[in-house]
Amino acid sequence: MRLSELEPLEMWGYFEEITKIPRPSKHEELMIRYLLDFAAKHKLEAERDKAGNVVIRKPASKGLEKMKSVILQGHSDMVCEKNSDKIHDFEKDPIDAYIDGEWIKARGTTLGADDGIGVAAALAVLASKTIAHGPIEALFTSDEETGMTGAFGLKEGFVKSKILINLDSEDDGELFIGCAGGIDTQATFKFSKRKISRHSKAFIVAVTGLKGGHSGDEIDKGLGNSNKILTRLLLNINDLKFRLNDFNGGNLRNAIPREAFAKFTIPSENVEKMNTKIAELSQLIKAELSVKEPELKIEIHAADLPEFIIDRRTQNRLLQALNACPHGVLQMSPDMPGLVETSTNLASVKFTEKNKIVVATSQRSAIESAKWSMAYTVQSVFELAGAKVKRGEGYPGWKPNVNSEILNITNQAHIRVLEFEPKIRAIHAGLECGLFLEKYPYLDMISFGPTIKGAHSPDERLNIPATQRFWTLLVEVLKNIPEEK
Ligand SMILES: [Zn+2]
């Protein structure tokens, strides 16, 4: 069986076409061309902007002209990941999609159902002569996956509707009504190099084996932070006159750090004491984390003497600041049980060649002012320690509104046609919706989509029955949009 033979024919037909169009993030030209050609073929008004976003407008079906206008939104790019043995050029080659039981998969690459299926559903609505709907603006944003530059670049007035349905979530039976905004706060310390005193020995302490994880979605799991653990171990031997040569922990700004390493020197006569103290504290930390982080490893081994150590003042300020810097959940959402509202991640610590130490952190919150407050707290910690603090541009969140009109309509439609009550959720990570809200603060938004597993990896697969339910729901929602008052 071919994809385009699945029901509903139109949506799957478009999905199959889209899988053949190369569309890596930041290289969506072919996809944009395809969308504009589609609009021309169906005699629909279309526009593209400088950021690579495309809008296609379709008038209401006959008799429904008074319905409120709705934005159907998806993103035109896809994540390009492949297995190492797969030969595939994402800028030229079509995705090799196939049906396996109740799943659509791709041979050796990402499938691009994220967000190809959302785009296909919007195109099927635009092409349909039978679906009942009010005025539609189908918005296809560019580069969602590597910086949301399309959503960032969206201009006022590009779309005019006051309702937006985002077709880019991945869980059947769930409706999303909120996301977190984020911002990066970076602190830089300057150090001077000092000579190593005689009768010193050098060691490396390594904290490894932690799970790591997404700094938004997984911040409430109580996972270990390698930078925090390493800092505790070092402060615990502060009275033994150790001197830091290097501290290297974490990598990605949006990941909870899994590993951290410190290289230092210590007077020979203190080595035995140091070993005892590190072993004792290691046992306590492992016991604290025994359930969440059973693979945590703390090791200390001898190293070659380094070329320098850093000045004592900076060493002290760095470690005190890392110790004081918050990490984890600050506040849970009062409206949505189990949802994190505000959090911060102490992501990475790196020594650079120019005698600098750069500490990267990131803050998230569904509430813009709370995000800033968290960022200022982190800033205060590092400024007290004499570091220079700077910040990224950040992106805004989408605060859940449990009384939203489109939520109520979608919830009722779900119960009517799918015969069960959907879960209503928000996520503690970024979505394009937060950026839309910044440009169009009056928007009433919801996000739903079919089940996609393994997104962003060559295991990506799309569930066929869930996709059929997704389509049924979308059609029912469009039919039930209220009239403009
Ligand atoms: Zn997506």
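This passage describes the nonpolar cores, one covered helix and a small group of paired strands. The structure is a predicted model, in which local features need pLDDT of at least 70, side-chain atom pairs count only at pLDDT 80 or more, and totals for chains, interfaces and linings use all residues. Residues are numbered from 1 along each chain as its sequence is written.

A good place to start is the largest nonpolar core, which has 78 residues. Such a core is a set of buried Ala, Val, Leu, Ile, Met, Phe, Trp, Tyr and Cys residues joined through C-beta atoms within 7 Å; buried means that 20 or more other C-beta atoms, placed from the backbone, lie within 10 Å of a residue's own. Leu72, Ala120, Ala121, Ala122 and Ala138 touch the most other members. Helix α3 (residues 113-127) gives the most to this core, 10 residues; helices (H or I, at least four residues) and strands (E, at least two) are DSSP runs, numbered from the N terminus. Leaving aside residues up to four places away in sequence, Ala138 touches Val55, Ile56, Leu72, Ala122 and Leu126, contact being C-beta atoms, placed from the backbone, within 7 Å.

Helix α1 (residues 9-19) is mostly covered, with eight of its 11 residues buried, including Trp12 and Phe15. The cover over these buried residues includes β4 (97-100), α3 and α11 (464-479).

β4 also belongs to an open antiparallel sheet of four strands, ordered β4-β5-β23-β22; strands pair if DSSP finds at least two bridges between them. β4 and β22 (452-453) are at the edges with a single partner strand each, so one side of each is left without a neighbour in the sheet. Four antiparallel bridges link β4 to β5 (residues 103-106), where Lys105 is the bridge partner of Tyr98.

Key
A residue is buried if 20 or more other C-beta atoms lie within 10 Å of its own, exposed if 12 or fewer, and partly exposed in between; C-beta atoms are placed from the backbone. Two residues are in contact if their C-beta atoms, placed from the backbone, lie within 7 Å.
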